[in-house]
Amino acid sequence: MRSLWHSAWSLLAAANLFWAGNIILGRGLAGHVPPITLSYIRWTGAFLIALAVAWPRFKADLPVMLRHWPTMLLLSATGIACYNTMSYIGLNSTTALNVLLLQSATPLIIIVWAFALFRETPTPRQAAGVLVSLLGVAVIAGRGSLSVLAQLQINRGDLWVLSALGIYAFYCVILRKRPMVNSLSFLVAAMGIGSCMILPFMLWEVASGARIHGGAGTYLGIAYTAVLPSFVAYLFFNRGIELIGPGPAGQSMHLMPLFGSVMAVLFLHERFRLFHAVGIGLIAAGILLASARRPAMRLIRLPNRT
């Protein structure tokens with residue numbers, strides 16, 4: 001477990017696997033669970049789980065985070081409240097395939113934010129890696145056909161998701177400014193603040209007549225969103241950013257459509273075709289190309305806490 005905690009790409013791969021499952025599940029829950037309610041339950045549940053695990057560390061780090069409350073509010077709003085709520089709203093009116101495809105715009109958006117905020121420019125190797133991975137995503141999305149790819153349409157749900165990705169890319173870039181506390185302590189605080197931010201909108205949704213429908217399967221799906229793509233995946237992804245920086249970590253998001261296509265084969269009984277293999281190969285090549293040379297400021301050094 002200790003070796004995993006120091007392996008950036010193992011952590012990032014696991015995080016993206018859990019997030020891919022969340023996208024497929026979020027689409028499946030559309031119509032059964034109101035989107036803002038799902039976001040609120042997800043983060044409240046994740047907060048309670050994380051708090052129980054990390055209470056001693058959280059209590060020790062709380063004074064530091066309180067001194068940096070403006071930064072904590074900004075990170076919680078962008079990384080927790082806005083991004084996830086807007087994504088669930090989008091999943092009510094678009095397909096999981098479209099959302100998985102759109103995720104691959106994140107590395108490009110991160111590069112734009114990094115330049116706008118910190119005047120950081122990607123290396124030629126990183127830029128080439130992003131483009132190669134995007135090509136792989138396009139091959140999978142278009143099922144190996146340019147005509148199919150040309151018929152993919154941007155609808156209202158896609159716009160919600162694109163806006164959410166722009167906000168999340170901003171979060172990835174400014175995460176380096178977070179208080180120098182234990183990763184788990186920070187995650188607990190961010191989830192708790194984000195949950196409080198979502199609460200008024202959830203109450204408005206309930207007052208508008210939205211209700212949860214479905215049986216045990218629906219509640220099991222909600223439980224999944226609170227544990228793996230929330231508590232575990234965010235902990236892994238934040239740690240990955242600490243180890244290699246936001247640009248290379250953002251590049252890992254190309255893994256989501258890769259994992260999503262595999263899940264479609266396993267759980268939706270779709271056939272694995274040649275274009276899947278070509279797309280997966282291109283995505284892997286892009287990630288290897290982008291990560292082969294790390295940027296100069298790749299590591300956020302944190303206090304050594306046990």
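1. α10 and α11 sit oblique to each other in this predicted model (angles under 35 degrees are roughly parallel, over 145 roughly antiparallel, 65 to 115 roughly perpendicular, the rest oblique). The packing angle between helix α10 (residues 183–207) and helix α11 (residues 216–244) is about 125 degrees, and their axes are 10 Å apart (C-alpha line fits over the stretch in contact, angles from 0 to 180 degrees between N-to-C directions; helices are DSSP H or I runs of at least four residues, numbered from the N terminus).

2. A quick word on ground rules: the model is predicted, so to speak, with local features needing pLDDT of at least 70 and side-chain atom pairs 80 or more, while totals for chains, interfaces and linings take in all residues. Numbering starts from 1 along each chain as its sequence is written, and side-chain values use heavy atoms, with hydrogens and water left out.

3. Who meets whom here? On the α10 side you have Ser 183, Leu 184, Phe 186, Leu 187 and Met 191; facing them from α11 are Phe 231, Tyr 234, Leu 235, Asn 238 and Glu 242 (contact: heavy atoms within 4.5 Å). Sorted by class, that contact has seven nonpolar residues, two polar and one charged (charged: Asp, Glu, Lys, Arg; nonpolar: Ala, Val, Leu, Ile, Met, Phe, Trp, Tyr, Cys, Pro; polar: the others).

4. α11 also packs against α9, where the two axes come within 10 Å and cross at roughly 55 degrees. That crossing makes α9 oblique to α11 as well. From α9, the contact takes Tyr 168, Tyr 171 and Cys 172; from α11, Tyr 234, Phe 237, Asn 238 and Ile 241. Six of these residues are nonpolar, one is polar and none is charged. Note that Tyr 234 and Asn 238 turn up in the α10 contact too.

5. Next, have a look at α4 against helix α9 (residues 156–174): their axes cross at roughly 160 degrees and come within 8 Å. That makes the pair roughly antiparallel. The α4 side includes Leu 74, Leu 75, Thr 78, Cys 82 and Met 86, while the α9 side includes Trp 160, Val 161, Leu 165, Ile 167 and Phe 170. The class tally for this contact is 15 nonpolar, six polar and no charged residues.

6. Finally, the voids. Searching the whole structure gives three cavities of 30 Å³ or more (1 Å grid, points where a 1.4 Å probe fits but cannot get out, lining atoms within 4 Å of a point). The largest holds about 130 Å³ (the space filled by probe spheres set on the points).

7. That largest cavity has 13 lining residues, with Asn 22, Ile 23, Tyr 83, Asn 84 and Ser 87 nearest its centre. Elements giving two or more of them are α2 (8–29) and α4 (69–91), and α4 supplies the largest share, five residues. The lining splits into eight nonpolar, four polar and one charged. Tyr 83 and Ser 87 also belong to the α4 side of the contact with α9.

Notes:
On a 1 Å grid over the protein atoms alone, a cavity is a set of points where a 1.4 Å probe fits but cannot get out, and a pocket is an open set with protein on both sides within 12 Å along at least five of seven lines; lining residues have an atom within 4 Å of a point.
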